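Reader: Hi! I've just pulled this one up and would love a quick walk through it. Could you help me find my way around?

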Amino acid sequence: MTDQPRRRPPHAPNRPGKPYRRPQKDPVRILAFEALRAVDERDAYANLVLPPLLRKARESAESGGGPRFDSRDAALATELVYGTLRHQGTYDAVIAECVNRPLREVDPPVLDVLSLGAHQLLGTRIPTHAAVSASVELARVVLGDGRAKFVNAVLRKIATHDLDGWLERVAPPYDEDPEEHLGVRHSHPRWVVSALWDALGGGSAGMEELLAADNERPEVTLVARPGRSTPGELLDAAGEQTAVPGRWSPYAVRLTEGGEPGALEAVRDGRAGVQDEGSQLVALALVNAPLEGADRRWLDGCAGPGGKAALLAALAAGRGASLLAAEKQPHRARLVARALAGNPGPYQVIVADGTRPPWRPGSFDRVLVDVPCTGLGALRRRPEARWRRRPEDLEGFAPLQRGLLREALAAVRTGGVVGYATCSPHPAETRAVVEDVLKGRGGAAVPAEWIDARPLLPGLPELGEGPDVQLWPHRHGTDAMYLALLRRTG
């Protein structure tokens with residue numbers, strides 16, 4: 001792997017009859033390329049890398065130190081980055097048909113430029129000549145003239161067919177290999193297609209809808225933290241940003257045209273936040289589960305980065321309850337503290353490992369554990385995760401997930417309620433974990449019973465047979481959150 005691309009020396013001689021032309025620097029495409037390199041080289045996530053790059057470009061333009069960079073440029077850069085990452089598998093299959101060596105032998109920076117070009121050709125309305133010329137210019141800037149010729153040749157081959165035409169060529173027929181067909185067509189690894197199919201059940205239509213939904217840009221969803229803000233305030237403050245109420249959560253507001261959440265005063269003040277509606281529903285279901293006796297002490301046992309904890313703290317304050325938010329990683333605990341700052345009710349944020357808790361057994365009335373997982377339920381927001389995860393990752397998470405649920409059940413009093421949540425629909429991370437803990441597989445059996453979570457999510461369609469709930473992006477417009485509610489019985 002080449003860490004730094006070879007560049008043409010500035011003193012390199014020109015070819016006879018071909019005066020050297022300095023490559024044109026396109027700030028949008030250079031920014032998109034830098035974001036893809038960070039994702040590839042540092043295992044960074046685009047949703048963390050892109051905002052500071054966009055901010056830097058805007059500030060540079062405003063100060064006169066850089067080229068013009070307005071909201072349209074930011075929108076195009078965002079589309080290029082996320083579109084390329086979402087369709088990476090499909091574009092890899094197409095590029096592989098247009099080069100004369102295995103993709104693993106193509107330098108990663110060159111492959112990033114080719115992927116950006118492929119997305120412009122096959123996934124946007126950018127005219128063919130503009131997509132090719134802009135990509136070749138980018139290659140001249142970041143790779144040098146020599147490899148720009150290679151990029152030009154490959155992209156001209158890609159431009160000979162549209163996306164449907166290429167899919168006919170590179171995706172095997174559905175009847176011969178349905179999983180590979182869907183994986184190539186919708187840019188998912190084969191093992192992920194298989195796992196989602198097991199979780200979803202049903203025929204190919206549902207799978208097509210789910211995989212397609214994973215490749216759609218999700219709306220920005222806000223949460224008005226009760227007692228501190230209201231959906232009405234957020235709707236009024238959105239101004240020119242098109243905002244509508246959430247579909248399911250009474251505290252949700254959707255920015256249907258994207259928008260800048262940080263431009264809203266309530267978000268800047270921490271009275272509201274960015275939170276997927278599925279995440280809000282998990283917290284609300286736990287809070288609304290029937291409970292006998294005291295309801296004074298709540299625990300969020302995996303609180304980072306703080307979205308659910310902030311909603312729980314606000315709801316607890318309205319009921320006269322307190323929240324303990326525990327997070328194992330100190331830097332994530334700091335994010336939790338920031339999210340909870342200003343909450344009117346009593347709360348505490350601590351650094352603690354939920355599998356080795358510092359609190360006494362039976363200390364809490366309600367407990368939430370949103371456990372670490374593969375993140376296969378949030379591929380809309382983190383498209384690169386589908387290429388980083390491997391089937392063996394499931395084995396690595398399994399002991400932790402079971403340990404956290406087992407300790408959560410120990411932390412709640414008899415009659416108290418535990419919510420087990422995960423942003424993955426994979427069966428090995430959802431119901432299998434709960435059943436293993438309840439039946440004592442890998443440890444002592446825990447005296448607890450299922451609570452039917454479906455009545456606690458009124459209005460939501462297609463929640464299955466219960467008692468647990470699996471949300472889906474193509475059915476509910478949320479991340480694929482899983483929730484099981486359990487009552488401690490002894």
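Reader: Great, let's start here: which residues in helix 1 meet which ones in helix 2?
Author: Leu31, Glu34, Ala35, Ala38, Val39 and Arg42 of helix 1 meet Ala46, Val49, Leu50, Leu53, Leu54 and Ala57 of helix 2. Contact here means heavy atoms within 4.5 Å, and helices (H or I, at least four residues) and strands (E, at least two) are DSSP runs numbered from the N terminus. Before we go on, this is a predicted model, where local features need pLDDT of at least 70, side-chain atom pairs count only at pLDDT 80 or more, and totals for chains, interfaces and linings use all residues. Residues are numbered from 1 along each chain as its sequence is written, and side-chain values use heavy atoms, with hydrogens and water left out.

Reader: Thanks! How do the residues of that helix 1 and helix 2 contact divide into nonpolar, polar and charged?
Author: There are 10 nonpolar, no polar and two charged residues. Ala, Val, Leu, Ile, Met, Phe, Trp, Tyr, Cys and Pro count as nonpolar, Asp, Glu, Lys and Arg as charged, and the others, Gly among them, as polar.

Reader: And at what angle do helix 1 and helix 2 pack?
Author: About 145°, with the axes 10 Å apart. Axes are lines fitted to C-alpha atoms, for helices over the stretch in contact, and angles run from 0 to 180 degrees between N-to-C directions.

Reader: What about helix 1 and helix 6, which residues meet there?
Author: Arg29, Ile30 and Phe33 from helix 1 meet Ala134, Leu138, Val141 and Val142 from helix 6. That contact has six nonpolar, no polar and one charged residue. The angle between helix 1 and helix 6 is about 65°, and their axes are 10 Å apart.

Reader: Switching topic: how many residues of domain 3 and domain 4 are in contact?
Author: 14 residues of domain 3 touch 19 residues of domain 4. Domain 3 covers 220-274 and domain 4 covers 277-488, with bounds from an automatic or database domain assignment.

Reader: How many salt bridges are there across that interface of domain 3 and domain 4?
Author: Zero by the rule, which asks for a side-chain nitrogen of Lys or Arg within 4 Å of a carboxyl oxygen of Asp or Glu.

Reader: Last one: where is proline 305?
Author: Proline 305 is in the loop between strand 5 (297-300) and helix 15 (307-319). The peptide bond leading to proline 305 from glycine 304 is cis, with omega near 0°.
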